[in-house]
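Here are a few worked exercises to try with the model open beside you. Have a go at each task before reading its solution.

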Amino acid sequence: MSAPFGMADDIGFAPKGTPFEGTLVWTSVALGQLYAQPPGGKPRLIADKMPSINTVGFAPDGRLYVTQTGGRHKTLWQVDLSGDTPLEQVWDGTGGLNGFTIADDGYLYGPQADLGRVIRFDLETKEIEVVADGFEWPTAVEIDDRGLLYVLDFDGGTVTRVNKETGEKTQLASLESGLDNMAIGPPGHVHANKLYVSSIGGNGIYEIDTATDTLRTVV
């Protein structure tokens, strides 16, 4: 898609074995819009008039969730990709919930940037539990296949491993302020459990091997 409709702040793919398997979803943050494109298909507008729409994430069963993170718009929504039902507000006043992930245990894990902490959110009961705090402005989390949680701190410029059951923290890297997002290689892949960290401060991408805790500059 041509600018500005081709812009994306975050993207996600519907998981295998779910009704919309392989569908690409992305947020057009400046326009307040959410788009989806099925494999081999064309982009279509899924949601509109959502100021500060930011992060997208799929649950293992294919349910799609998106957040708004700016100003007075700090909300978690569930989105029906078929378009048959309207947006469902899941949680209002999220504290700046940003780059979240939904684990196989059914919980949403995510950073509340405004509160400097990472939480576990039960999508069914809406109960919130603090997993770890003391961060400056955390913006993204990921979980590896060992169940270990990784937290990216935008202001602190750090990547930290967290035991999500005990809250114990181990800093893996101190890079630069402006770390924005990260992705983790899938199990069974040559890049399995390697973290790829994006920096808008240094305009770069870094790789952290979580098995050896070694850091490599990709670009």
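How many helices and how many strands does the protein chain have? The chain has zero helices and 20 strands, where helices (H or I, at least four residues) and strands (E, at least two) are DSSP runs numbered from the N terminus.

Before going on, two notes on the ground rules. This is a predicted model, in which local features need pLDDT of at least 70 and side-chain atom pairs count only at pLDDT 80 or more, while totals for chains, interfaces and linings use all residues. Residues are numbered from 1 along each chain as its sequence is written, and side-chain values use heavy atoms, with hydrogens and water left out.

**Exercise 1. Describe the overall build of the chain.**

Step 1: Start with the extent. The C-alpha trace of the protein chain spans about 45 × 35 × 35 Å along its principal axes.

Step 2: Check the radius of gyration, which is taken over C-alpha atoms; the globule rule is 2.2 Å times the number of residues to the power 0.38. For 219 residues a compact globule would have a value near 17 Å, and the protein chain agrees with its 17 Å.

Step 3: Look at burial. Buried means under 20% relative accessible area, exposed over 50%, and partly exposed in between (1.4 Å probe, protein chains only). Of the 219 residues in the protein chain, 47% are buried.

Step 4: Turn to contacts, meaning heavy atoms within 4.5 Å. Among contacts with a separation of 6 or more, 33% come from residues 24 or more positions apart.

**Exercise 2. Trace the sheet that contains β5 and find its edges.**

Step 1: Two strands pair if DSSP finds at least two bridges between them. The order β5-β6-β7-β8 gives an open sheet of four strands with antiparallel pairing.

Step 2: Find the ends. β5 (53-58) and β8 (88-92) each have a single partner strand, so one side of each has no neighbour in the sheet.

Step 3: Add the twist. Neighbouring strands of this sheet are turned by 25° against each other on average, direction ignored. Axes here are lines fitted to C-alpha atoms, for helices over the stretch in contact, and angles run from 0 to 180 degrees between N-to-C directions.

Step 4: Zoom in on one pair. Four bridges join β5 to β6 (residues 64-70) in the antiparallel sense. G57 stands opposite Y65 in β6, and I53 has Q68 as its bridge partner there.

Step 5: Follow the turn. β5 and β6 form a hairpin with five residues between them, and G62 in the turn has a positive phi of about 100°.

Step 6: Is β5 enclosed or open? Six of its six residues are buried, so β5 is largely enclosed by the rest of the structure.

**Exercise 3. Work out which residues R63 pairs with.**

Step 1: A salt bridge is a side-chain nitrogen of Lys or Arg within 4 Å of a carboxyl oxygen of Asp or Glu. The structure holds nine salt bridges.

Step 2: Look for a partner of R63. The side chains of D61 and R63 meet in a salt bridge at 3.0 Å, N to O. D61 is partly exposed, at 46% relative accessible area, and R63 is partly exposed as well, at 25%.

Step 3: Look for another. E124 also meets R63 in a salt bridge, at 3.1 Å, N to O. This pair links distant parts of the chain, 61 residues apart: E124 is in the loop between β11 (117-122) and β12 (128-133), and R63 is in the loop between β5 and β6. E124 is exposed, with a relative accessible area of 55%.

**Exercise 4. Place the salt bridge of D213 in its surroundings.**

Step 1: D213 forms a salt bridge with R161, with the closest N and O atoms 2.7 Å apart.

Step 2: Locate both ends. D213 lies in the loop between β19 (204-209) and β20 (214-217), and R161 in strand β15 (residues 158-162), 52 residues apart.

Step 3: Compare burial. D213 is partly exposed at 35% relative accessibility, whereas R161 is buried at 14%.

Step 4: Inspect the sheet around that loop. β17-β18-β19-β20 is the order of an open sheet of four strands with antiparallel pairing. Its edge strands are β17 (179-184) and β20, each pairing on one side only. β19 and β20 run antiparallel and are joined by four bridges, with R216 in β20 as the bridge partner of E207.
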